[in-house]
Each structure stands twice: as C-alpha cells, then as structure tokens.
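Biologist: I would like a close look at a single part of this protein. Please go through it step by step and then place it among its surroundings.

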Amino acid sequence: MRILSLGADILFSPEITEPSGKTIFVLGGRKPDASWLADFVSRGRADIWAIDSGITACREAGLCPRVIIGDMDSVPPDDHEWARSSAASEFVYPREKDVTDFQLAIDELKNELRKQNGASNLIVTGGFGGRLDHLFSVLNTFAYSGALCMIDDRECVSLVRPDITVSVKFKTRPAAISLLPLSERCAGVNIGGVRWPLTNASLDRNFPWTVSNELPEGNSEITASCASGIVGLYCFF
C-alpha cells in the first residue's frame, strides 16, 4: 500500500494489499486541516469511522462516516445529529468507562472484520495534539492496534515491524525525522538515507535518543526496518 500525503509517498514492503481497502479512524485530537483530510480520504477506497469529536472534523471536511463511536461528551449536538443522520452504525458508550473511545473503536472494528472474515488496513488521523496523557494513550494504543500509520497535515508516525519495512519518498523536505522505540527493546534497527544512519542498532524505550535526524541535501528517500520490536518512524513537516 502506498500512502500519499505531507508532500511524501509512504510505502510499506512487502507490498500490503487487502481486498477490503483501508479503514480510516478520525479521532478527536487535533483536527486535521479540512482540505487535507478531504483530499487524503479521496485517494482510494476508504471506510471512515469517526471517533467522538472526530465527527466534527469529518463534517468540516465534508466526509460522511459510516460508523460513529464514543461517549459523545465532546461532540456538539448538531454535529452528532448530522452524523447520526448518515452513519450506518452508531456505538454510544457511557462516559464512565475503563477504556478510551479509540480502544473501543479498535475492538468494534476487530469484531466486524471477524464476523465478515475480512481484513483492512487501518490508518489513524486526528490523533496528535492536546494533552500529554491523551497523546500517550493514543500513541501506545496505536502501536499495538495493527494500524499502519497515524497521520495528519503536519505529522506522521509509520509503524516499522519485523514484517514491514517502511520507505518514504519526500516531495517536501521534513523538518525532523525520528525513530521512536514503541516496544521495551527494539533490535536490528536500520535507517538509511538520513544524515545519521543506523545499522543493526538496539533501541530502548526507556532511553529514546534517535530523535531529530535530518534529510541530507540532494536526497529524497529514507528506509527503515527492524528485526524485533515495534519502531515508529516519525516525520514532522
């Protein structure tokens, strides 16, 4: 699968192709730019799920979600009613619960795919910004959700796992490139095409030091892989 956005092409190898296309979760964090979100969703077939105030982001981008889910505590009533009038499915949960709306949405997606004996490539947007505790929960939930990337018009984290190598072909020069160890220990980590490349490195989650790398002048492509663990390839524009 090739994901086009942020002035870059993000490619996953081996090539990921699923007959059911991609599922896009629009979370209730920092709202993506509306024109960017509309353009991003329009690139190929997508099943849109709006999670809580992600409903507002969808409405501003002119996108009707198929599924809406959450406790709806931060959704304006008129946005909620707009989504209810067009969504095929709605899952409303009490505010007092032990998991987040994002985590509930992942469970519902897995249940749906299990019933259909199907599969989908999950992409998350609307996950950045806001409070640190929210971002911490979103990032860690995302890392183990089976998703491919979390992206908006300013930032992107693509997941590098032993079975997936990530390549990024830049059309716009990024301000920063970082590797985020999302497992306790990540071994056999490689990144090439950057100012400070790594080969067969070990990264520990309790001492993340591989931040603020750069794209050298004259280069436009980077590649990252690992032998064990989960690493986030982060790009900031």
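Which residues line the largest cavity?

Modeller: The model is a predicted one, and what follows is computed from it. The lining of the largest cavity consists of S5, L6, A8, I10, C156, S158, V168, L233, C235 and F237. The space inside amounts to about 40 Å³. Searching the whole structure turns up one cavity of 30 Å³ or more. Three strands, β2 (8–13), β9 (155–160) and β15 (231–236), each give at least two residues to the lining of this largest cavity. Sorted by class, that lining has eight nonpolar residues and two polar ones, with no charged residue. As for how such a space is found, rolling a probe the size of a water molecule over the atoms shows where empty space is left.

From the cavity I turn to a residue in a loop. A147 sits between α5 and β8 (149–151). Its relative accessible area is 0%, so A147 counts as buried, the cut-off being under 20%. Apart from neighbours within four places in sequence, the contacts of A147 are L122, V124, F142, L159 and R161. I106 lies 41 residues from A147 in sequence, and the two C-alpha atoms are 9.7 Å apart.

I106 leads to helix α4, since it is among the buried residues of that helix, which are D101, F102, L104, A105, I106, E108, L109, E112 and L113. These buried residues pack against five strands and a helix, namely β3 (22–26), β4 (46–51), β5 (67–70), β6 (89–92), β7 (121–125) and α5 (132–143). Helix α4 covers residues 101–116, and its 16 residues at 1.5 Å each should span 22 Å; the end C-alpha atoms are 23 Å apart, so the two values agree. Just past α4 comes N117, whose phi is positive, at about 55°.

Strands β5 and β6 also meet helix α3, whose buried residues pack against them and against α2 (54–61). In α3, residues 77–86, the buried residues are D79, H80, W82 and A83. Viewed down the helix axis, they fall within an arc of 160°, and therefore line one face of α3. On the face turned away from that buried side are the exposed residues P77 and S85.

To return to your question, the lining runs from S5 to F237 in sequence order, with C156 and S158 among its members.

Note on methods: Residues numbered from 1 in each chain as written. Predicted model: local features only at pLDDT ≥ 70, side-chain atom pairs only at ≥ 80, totals over all residues. Heavy atoms only, no water. Helix = DSSP H or I, 4+ residues; strand = E, 2+ residues; numbered from the N terminus. Expected span 1.5 Å × (residues − 1). Buried < 20%, exposed > 50% of the residue type's maximum accessible area, 1.4 Å probe, protein only. Contact = heavy atoms within 4.5 Å. 1 Å grid on protein atoms, 1.4 Å probe; cavity = no way out; pocket = protein on both sides within 12 Å on 5 of 7 lines; lining within 4 Å. Points joined across faces, edges and corners; volume = space filled by probe spheres on them. Nonpolar A, V, L, I, M, F, W, Y, C, P; charged D, E, K, R; others polar. Arc of directions from axis to C-beta.
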